[in-house]
Amino acid sequence: MMKPRLALVLIASLGVAACDTGDDITPATPAPPNAAVAAGQQDLLTIVPQPALDHVQSGRLAAIRGRPTTAELHVARIAGAPGQLLRPGNVVRLGLAPGLQVVAEGEHATERAANDLSWSGPLRGTHGWVQLVLMNGEVTATVTIGETQYAIEPLGNGLHAVTRLDPSGFPSEHTPDNPSGALESSLDAAAGQVRAARAAGDVSASALTQINVMVVYTSSAASRAGNIASKIQLAVDETNQSYANSGINITFNKVYAGQVTYSETGRTFSQHVSALKSTTDGVMDNVHTLRNTYAADLVMLVVNDTEACGQAAAINATATSAFAVADQSCITGYYSFGHELGHLQGARHDRFVDGTLSPYQYGHGFIPSTKTGGRSWPTATTAATARASSGGATRSRPTRPPAR
């Protein structure tokens with residue numbers, strides 16, 4: 001049996017993983033498209049007013065247009081050799097709509113292989129952020145301008161769909177029968193195991209600085225997501241950025257991503273989680289072999305199921321319950337990937353939704369007093385702070401860092 005490396009002492013509510021857009025960020029005032037161009041700026045994406053689309057591109061665009069989260073949709077063309085533009089410190093322009101162009105500065109860039117990199121940084125002249133993945137010459141990205149978000153995804157042959165997102169179109173974060181976000185049958189057992197491990201001195205008082213995550217996905221999710229590999233990488237990057245924003249010295253390391261044989265048809269989210277978690281039901285049992293092979297702490301299954309955005313097997317999981325499921329439409333932009341993994345680490349929703357005080361009294365998301373409902377704000381604290389019981393949850397910066 002794999003020795004668990006799960007950071008059980010860390011509470012990180014990536015409420016940014018299900019964040020209501022009604023926050024107190026000042027709406028953006030993007031620079032006009034004809035503004036003076038600073039030296040070194042280059043166009044990464046340019047809006048194409050009347051694109052000539054082939055059959056595959058037209059079908060993909062129609063599918064994106066039909067999503068309930070699509071508020072506005074345009075087509076853009078990527079520059080040649082985008083990998084050369086997406087270097088640390090480089091400044092690029094992205095066309096998001098006719099008359100709307102933003103300028104982003106590469107604050108972070110990680111190259112995994114040739115033509116496979118992650119790039120992110122603040123927008124100039126406004127409050128916003130770009131989180132971007134380049135794979136095989138195609139871009140998958142989330143662009144946040146104040147309270148407005150855009151998704152960028154490939155259509156093929158250099159063309160990309162740029163979507164202004166309508167957050168009201170996302171599924172509910174969790175199913176009505178699991179408002180806490182976890183399978184209740186797993187919660188008490190997991191908490192008891194953690195308490196027993198702590199009493200025996202088997203759990204360290206310091207958090208891990210790297211958590212290995214394995215991601216598997218269904219064929220249906222891959223079909224709906226477009227470039228599923230890029231979308232998963234973007235979800236990991238967004239989660240890591242939310243940790244950085246919250247001052248948490250933790251990095252998610254994607255150790256494996258691959259397709260599994262599983263059909264969502266006729267199954268609920270609770271059944272997805274149970275099937276993923278079980279080692280002997282004959283459904284996705286190979287996941288556990290892969291988990292041991294790649295030494296994964298946490299396992300995420302990405303599905304195509306709009307019953308909800310996600311669900312975790314447990315809050316404050318152990319090695320046998322560190323499993324979660326999320327719908328492919330929610331893992332980026334709506335941040336359900338990080339949200340569900342946050343549950344596995346011990347984080348609960350805000351107290352308007354979930355008032356339970358275990359395993360940590362202050363392990364909750366935070367909603368300002370002006371909010372009466374909706375999704376959690378991101379919260380970060382450690383178990384040591386929680387055990388001290390001397391203060392409330394710490395409000396941290398949202399995933400949308402301020403412009404520098």
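Here is a walk through the fold, from the overall chain to its sheet and its disulfide.

Keep in mind as we go that this is a predicted model. The chain carries nine helices and 17 strands, and 56% of its 404 residues are buried. Its exposed area comes to about 15,900 Å², with carbon and sulfur atoms supplying 51% of that. If you look at contacts between residues at least 6 apart in sequence, 68% of them join residues at least 24 apart.

Before turning to details, let's see how far the model can be trusted. The average pLDDT is 79, and 73% of the residues score at least 70. Confidence is highest in strand S14 (residues 298-303), with a mean of 98, and lowest in helix H9 (residues 383-388), with a mean of 25. Two stretches call for some care. Residues 1-39 stay under a pLDDT of 50, although the model has 126 contacts for them beyond four places in sequence. Residues 184-191 are also below 50, and this stretch has 11 contacts beyond near neighbours in sequence. Where pLDDT is low, the predicted coordinates should not be read in detail.

Now to the sheet. Ten strands form an open sheet with mixed pairing, and if you trace across it you meet them in the order S5-S4-S2-S3-S11-S10-S9-S8-S7-S6. The edges are strand S5 (100-105) and strand S6 (108-113), each of which pairs on one side only. From one strand to its neighbour, the average turn is 20°, direction ignored. For a look at one pairing, take strand S9 (residues 138-145) and strand S10 (residues 148-156), which run antiparallel and share five bridges. Within S10, Ile-152 is the bridge partner of Ala-141.

Helices pack on this sheet too. Helix H1 (residues 55-65) touches strand S3 (70-78), S10 and strand S11 (159-165), and its direction makes about 160° with that of S10. Helix H5 (residues 228-245) touches S6, strand S7 (116-122), strand S8 (128-135) and S9, with its direction at about 145° to that of S8.

Our last stop is the disulfide; a search of the whole structure finds one. Cys-309 is joined to Cys-330, with an S to S distance of 2.1 Å. The two cysteines are 21 residues apart: Cys-309 lies in the loop between S14 and strand S15 (310-312), while Cys-330 lies in the loop between strand S16 (323-327) and helix H8 (336-344). Why is this disulfide called left-handed? The torsion about its S-S bond is about -60°, and therefore the disulfide is left-handed. Cys-309 counts as buried because its relative accessibility is 0%, and Cys-330 is buried because its relative accessibility is 0%.

Conventions: Residues numbered from 1 in each chain as written. Predicted model: local features only at pLDDT ≥ 70, side-chain atom pairs only at ≥ 80, totals over all residues. Heavy atoms only, no water. Helix = DSSP H or I, 4+ residues; strand = E, 2+ residues; numbered from the N terminus. Buried < 20%, exposed > 50% of the residue type's maximum accessible area, 1.4 Å probe, protein only. Contact = heavy atoms within 4.5 Å. Areas by Shrake-Rupley, 256 points an atom, 1.4 Å probe, with all protein chains shown as cover. pLDDT = per-residue confidence, 0-100. Disulfide = S-S within 2.5 Å. Pairing = 2+ DSSP bridges. Axes fitted to C-alpha atoms, helices over the stretch in contact; angles between N-to-C directions.
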